[in-house]
Amino acid sequence: MKKLAIFDLDGTLLNTIYDLGEAVNYALRKKGFAQHPIPAYNYMVGNGVRKLVERAQPDADSETVDELLSLFKEYYDRNCTVDTKPYTGIPELLAELEKRGVAIAVASNKYQSATEKIVKHFFPDINFVSIQGQQPDRPTKPDPSIVFSILSEHPTPKSEVLYVGDSAVDMETARRACVESIGVSWGFRSANELREAHADHIVSSPYEILNYLSDLF
C-alpha cells in the first residue's frame, strides 16, 4: 500500500506554461531581447526559474541573468494564477487520495514562495503534508534532496512512496531517491521522454494513478 504521493507541480498538477512564458517574455521585453512563443517554453522549464531564464536568453552573462530573473519574479509574483489551471481530473484525484488515507506532498523546482502561493490558491481544501519548492541552500531536481526533505517532514518507507511527474527530470529524481515513479503524459514533455527516462509507469489520465496505490484497489 502506498502511503505518500509526491507530486511535481508544473506540468503535473497544474498547467502553468502560459503564465511562466508570459513572465519570461515580460523580462526579455524589458531588457530589449527577442521573445519566444509560449509553446517553446515547454522545453525550457523543469530545472528551476534561473535555468528557465538562461535557456530563454542563452547568451546572457550572469549579471544580465540576475536582472532578467528579478524582472521575471516581479511579473510572476503578481500574475502566477492568471491563466494557470489544474489539469482535468487533478482536484478529484487529490480528494480521492485523501479519502483513501494517502498523504500528499509537492516537490517543485519553482521557488518556494511561488510554489506555496500557487498550491494554496488552487487546492485550498487539500491538506498537503509538505509543500516544497526550490530553496537557495538546496540543489534543484533531479538531485533527490527535495524528496529526502519531504520524507524528513513526513517519515514514510520508500517502498510506500509514489513520485509523480511529467519530465525526465522527475523520473531521474525518483530514481535517485529510490522511490517508484509515475510519468504523466498530459504535461510539458512527451511520453517518449518519460519512457527513455525509465519511468516505472506512464499514465494518460489522473485516475490511472489510483491503480498503483495497491492491488487492493
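**Note on a predicted model: I209, two helices and the nonpolar cores**

1. I209 is buried, its relative accessible area being 1%, where buried stands for under 20% as computed with a 1.4 Å probe on protein chains only. The model is a predicted one, in which local features need pLDDT of at least 70 and side-chain atom pairs count only at pLDDT 80 or more, while totals for chains, interfaces and linings use all residues. Residues are numbered from 1 along each chain as its sequence is written, and side-chain values use heavy atoms, with hydrogens and water left out.

2. Once neighbours within four places in sequence are set aside, I209 is in contact with F7, L93, V164, I182, W186 and V203, contact being heavy atoms within 4.5 Å.

3. Helix α1 (residues 17-30) packs with helix α3 (residues 62-79) at an angle of about 135 degrees, and their axes are 8 Å apart. The two helices are therefore oblique to each other, a class that takes in whatever is not under 35 degrees, over 145 or from 65 to 115. The residues of this contact comprise 11 nonpolar, one polar and four charged.

4. In the largest nonpolar core there are 56 residues, and those with the most contacts inside it are F7, F72, L94, L97 and F123; such a core is a set of buried Ala, Val, Leu, Ile, Met, Phe, Trp, Tyr and Cys residues joined through side-chain atoms within 4.5 Å. Another core, of 14 residues, lies apart from it and includes I6, I150, V161 and A177.

Technical notes
Axes fitted to C-alpha atoms, helices over the stretch in contact; angles between N-to-C directions. Helix = DSSP H or I, 4+ residues; strand = E, 2+ residues; numbered from the N terminus. Nonpolar A, V, L, I, M, F, W, Y, C, P; charged D, E, K, R; others polar. Buried < 20%, exposed > 50% of the residue type's maximum accessible area, 1.4 Å probe, protein only.
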